There are 2 protein chains.
Amino acid sequence: MIYSELHNILSSKTIHLKSGQYLFTQGDSVKNIYCVNKGRIKLVRDTFEGTPILIHVAYAEESIAEASLFSKKYHCSAMAGTNTEVIVYSKDELLKILQENPESMMNLLKQLTTQVRDLRMLNETKSIYSAKEKVLTYLSTEFHRDKDSDLPLKDIAQKIGMAHETFYRTLKILENNGKIKRNKSHIKLTNL
Amino acid sequence: MIYSELHNILSSKTIHLKSGQYLFTQGDSVKNIYCVNKGRIKLVRDTFEGTPILIHVAYAEESIAEASLFSKKYHCSAMAGTNTEVIVYSKDELLKILQENPESMMNLLKQLTTQVRDLRMLNETKSIYSAKEKVLTYLSTEFHRDKDSDLPLKDIAQKIGMAHETFYRTLKILENNGKIKRNKSHIKLTNL
DNA sequence: CGAGTCGTTGAACGGAATCAATCGTCGTGG
DNA sequence: CCACGACGATTGATTCCGTTCAACGACTCG
């Protein structure tokens, strides 16, 4: 997780959320920064038009609300999408430690840059219209390695922006074509 | 741009690229960090399967290769998609200054966090299947404000992941429905 | 003045979303 | 401990809407 190396310096606590339970609500003062340990957290923004929009779904190992590290209020709400476990860090404490330890700040910087890179990659993967191409591109990139290996197929489908049914079907086609191999829910590209 | 506040401290130079010209190539040693001033830079990765994949398109005000701030070699190639102007910073110099100025590092951190937030938002916008919904969601978010206001409609279409023809048509429909107003290429939501 | 690109519209096709039903598994509570 | 409910994985059928191909005018830039 993002703050792993600070884990022994930073005080933290773990909390458990039931599916549907809120972690924080849009407009709340930012007191804490969180990291998903298990399950998933949906970030939702209430727009002025009424219809709330989904901003992001954070899975295990993902930190949320880092952007809030520099803002007073949460700009969105966070709800558990399933039974979820999150680690809680104090925002002020985190900021203080970062200021005192340039090395750890540099480290956070590093992690953020790779996060940006991954997000860009994912973004472009989503722009691919053909289901086969999209899946192949996803599989051939590194941003999902390890991280996504234990994600349910359904969630992977959502992550790359396609209906899960289409994802299943596409996997089957690619498997029949010999492009991929898989046992249970572990998928591997065949070529090299 | 990302390093704006360092602009007077950091030495920099501006270079001009013709459409199709390369800024750097995958595998090159990372000597510089860049920021697009005008035009656009396409980041492309050559995969082992042969087919190169588009990773990202960077427009004006966007920095590229920040991820490379921490790596030895570029993991992708950068090509001008049109006549383009980029600002060049020395990687080593930038790193040194960041280490010496915790405040500027903190500032970069801040900009990266908002970048992450924007990317996530864009990501979810791309996940919306309905063209109308997608466009409305895009227009109702802030991540594009100012930044995208001068982008050609064609590029906006690509940014949110739809064919430009569909984008034009959708805009027309929304305009007829009174959901949006526009003069020339400036679009505005009508409600509040 | 011509090449290139953006903006726009038309027509047609195809593929992905959607709706729906089934099976298996896992966790949970009675 | 077992039954029930929730959810993931899968497959089928259908519909529709967004992509694609194509053509044209306007504008800019060199």
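Which element gives the largest share of the surface near DNA strand C? The answer is α5(B), with 5 residues. The model is predicted.

## DNA strand C

The protein places 19 residues around DNA strand C. Ala131(A), Thr166(A), Lys154(B), Tyr168(B) and Lys172(B) come nearest. Sugar and phosphate make up 64% of the strand C atoms that come within 4 Å of the protein. By class, the surface near strand C holds 8 nonpolar, 3 polar and 8 charged residues.

Chain A reaches the phosphates of DNA strand C through backbone and side chain. A polar backbone atom of Ala131(A) sits 2.9 Å from a phosphate oxygen. For Ala163(A), a backbone N or O atom is 3.4 Å from a phosphate oxygen of strand C. Thr166(A) uses its side chain: an N or O atom there is 2.4 Å from a phosphate oxygen of strand C. Three elements give two or more residues each to this surface: α5 (164-176) of chain A, and α4 (153-159) and α5 (164-176) of chain B.

## DNA strand D

Around DNA strand D there are 20 residues. Lys154(A), Tyr168(A), Arg169(A), Lys172(A) and Thr166(B) come nearest. Here sugar and phosphate account for 60% of the strand D atoms that come within 4 Å of the protein. The surface near strand D divides into 8 nonpolar, 4 polar and 8 charged residues.

Arg169(A) addresses a base: an N or O atom of its side chain is 2.9 Å from a base nitrogen of strand D. Tyr168(A) addresses the backbone of the DNA, with a side-chain N or O atom 3.2 Å from a phosphate oxygen of strand D. Arg40(A) has a polar side-chain atom 3.4 Å from a phosphate oxygen of strand D. The elements giving two or more residues to this surface are α4 and α5 of chain A and α5 of chain B. α5(A) gives the most, with 5 residues.

## A link within chain A

Arg40(A) also forms a salt bridge with Asp155(A), the closest N and O atoms being 2.9 Å apart. Asp155(A) lies in helix α4 and Arg40(A) in strand β4, so the pair ties together parts that are 115 residues apart in sequence. Over all chains, the structure holds 10 salt bridges.

## The interface of chains A and B

Chain B and chain A each put 50 residues into their contact. The area buried between them is about 4600 Å², and carbon and sulfur atoms give 65% of it. On the chain B side, Phe70(B), Met106(B) and Arg120(B) lose the most area to chain A, together 16% of what that side buries.

The interface has 4 salt bridges. One pairs Glu62(B) with Arg120(A), at 3.7 Å from N to O. There are also 14 residue pairs in polar contact across the interface, with both residues at pLDDT 80 or more. Elements of chain B that each supply at least two residues include β4 (40-45), β5 (53-59), α1 (91-100) and α3 (131-140). α2(B) gives the most to this side, with 19 residues. The chain B side divides into 26 nonpolar, 14 polar and 10 charged residues.

## Symmetry

How is chain B laid on chain A? A turn of 180 degrees and a shift of 0.0 Å along the axis bring it there, with an RMSD of 0.1 Å. That is the relation of a two-fold axis. The same surface serves both copies: 100% of the contact residues of chain B recur in chain A.

Key:
Residues are numbered from 1 along each chain as its sequence is written. Chains are lettered from A and ligands numbered from 1 in the order in which they are written. This is a predicted model: local features need pLDDT of at least 70, side-chain atom pairs count only at pLDDT 80 or more; totals for chains, interfaces and linings use all residues. Side-chain values use heavy atoms; hydrogens and water are left out. A residue is near a molecule or strand if one of its heavy atoms lies within 4 Å of it. A polar contact is a pair of N or O atoms within 3.5 Å; within protein, one must be able to donate a hydrogen and the other to accept it, and residues adjacent in sequence count only if both atoms are side-chain atoms. Helices (H or I, at least four residues) and strands (E, at least two) are DSSP runs, numbered from the N terminus. Ala, Val, Leu, Ile, Met, Phe, Trp, Tyr, Cys and Pro count as nonpolar, Asp, Glu, Lys and Arg as charged, and the others, Gly among them, as polar. Contact means heavy atoms within 4.5 Å. Buried area is the accessible area (1.4 Å probe) that two parts lose on being put together, summed over both. A salt bridge is a side-chain nitrogen of Lys or Arg within 4 Å of a carboxyl oxygen of Asp or Glu. Copies are superposed by least squares on the C-alpha atoms of residues with pLDDT of at least 70 in both.
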